[in-house]
Amino acid sequence: MEAEAIAASKGQKTLFLLPTLSPKARFTAKTALAISLSYLGAMAMQWSQSYQGPVAIMVIASAGPLSESLDKGVMRVLGTVAGAALGLLYLALFPQDTTLYFLALTLTGGVIIYLYHAWQGDKSFWLIMLMVIVLLYNYGYVDDRLVYALDRSWSTAFGIFVYAMLNLYLWPERTAESRVERARELAQRWRKAFDALQHSEEETTEEPKISKE
């Protein structure tokens, strides 16, 4: 049964040639495909900020392992939504008063910068939040700011979603539990091989018995 599974896996590798790629090649292929699909999906939805998804993918892909990348992606989406909501609130409260708007923006920016330096976890949330608040200001024009905030949020979330789905179904990485199971399986095989080798050495070193007539 095990031999048939090994033969089937070898046949699958020969047929599709996908599992034969190195880990770096797989990572490159998944990231490039995620960027392309994110861009195409955002363009199909006619989002004005269609490039935000690919930018988010490139940023989180450089974070390291998949778990850290997805955590950074989630924090980036939350920061975008929080910054968009707070920026739209300031635009609604001070639509014509530039002085009060920039006063509120200065105080908010100071608090966010303080939290950015004091925060012990992932700091991308505060950075993206402040960036979105600043970018929402368009010389006092508020006509398309809601569309800008929604398109940026949707594009960023869509890019993170595409990246997560590709890493989940295309060459998925081994989780910690599967790695432990694999290590136990290898340890058991090495134990059996060592016992068999030790047993064979005992048989070869055993003195032959001389029969007495």
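Read along the sequence, the protein chain of this predicted model follows the pattern α-α-α-α-α-α-α-α. Display it as a cartoon: eight helices and zero strands appear.

Next, colour the 213 residues of the protein chain by accessibility; buried residues account for 28% of them. A surface representation of the protein chain corresponds to an accessible area of about 14,900 Å², with carbon and sulfur atoms contributing 65%. For a contact map, consider pairs at least 6 apart in sequence: 65% of such contacts join residues at least 24 apart.

Now select helix H2 (residues 23-44) together with helix H3 (residues 52-61), whose axes come within 8 Å and cross at roughly 160°. The two helices, H2 and H3, are therefore roughly antiparallel to each other, and their crossing is right-handed. To inspect the contact, show side chains on H2 for Phe-27, Thr-31, Ala-34, Ile-35, Ser-38 and Tyr-39, and on H3 for Gly-53, Pro-54, Ile-57, Met-58 and Ala-61. The residues in this contact of H2 with H3 comprise eight nonpolar, three polar and no charged.

Keep H2 selected and add helix H7 (residues 145-169): H2 and H7 pack at an angle of about 145°, their axes 9 Å apart. The crossing of H2 and H7 is right-handed. On the H2 side, the contact is made by Phe-27, Lys-30, Thr-31, Leu-33, Ala-34, Leu-37, Ser-38, Gly-41 and Ala-42. On the H7 side, select Ser-155, Phe-158, Gly-159, Val-162, Tyr-163, Leu-166 and Asn-167. Colouring the contact of H2 with H7 by residue class gives nine nonpolar, six polar and one charged.

Finally, highlight Phe-27, Thr-31, Ala-34 and Ser-38 of H2, which are among the residues meeting H3 and also among those in contact with H7.

Conventions. Residues numbered from 1 in each chain as written. Predicted model: local features only at pLDDT ≥ 70, side-chain atom pairs only at ≥ 80, totals over all residues. Heavy atoms only, no water. Axes fitted to C-alpha atoms, helices over the stretch in contact; angles between N-to-C directions. Helix = DSSP H or I, 4+ residues; strand = E, 2+ residues; numbered from the N terminus. Parallel < 35°, antiparallel > 145°, perpendicular 65-115°, else oblique. Left-handed = near helix turned anticlockwise from the far one by under 90°. Contact = heavy atoms within 4.5 Å. Nonpolar A, V, L, I, M, F, W, Y, C, P; charged D, E, K, R; others polar. Buried < 20%, exposed > 50% of the residue type's maximum accessible area, 1.4 Å probe, protein only. Areas by Shrake-Rupley, 256 points an atom, 1.4 Å probe, with all protein chains shown as cover.
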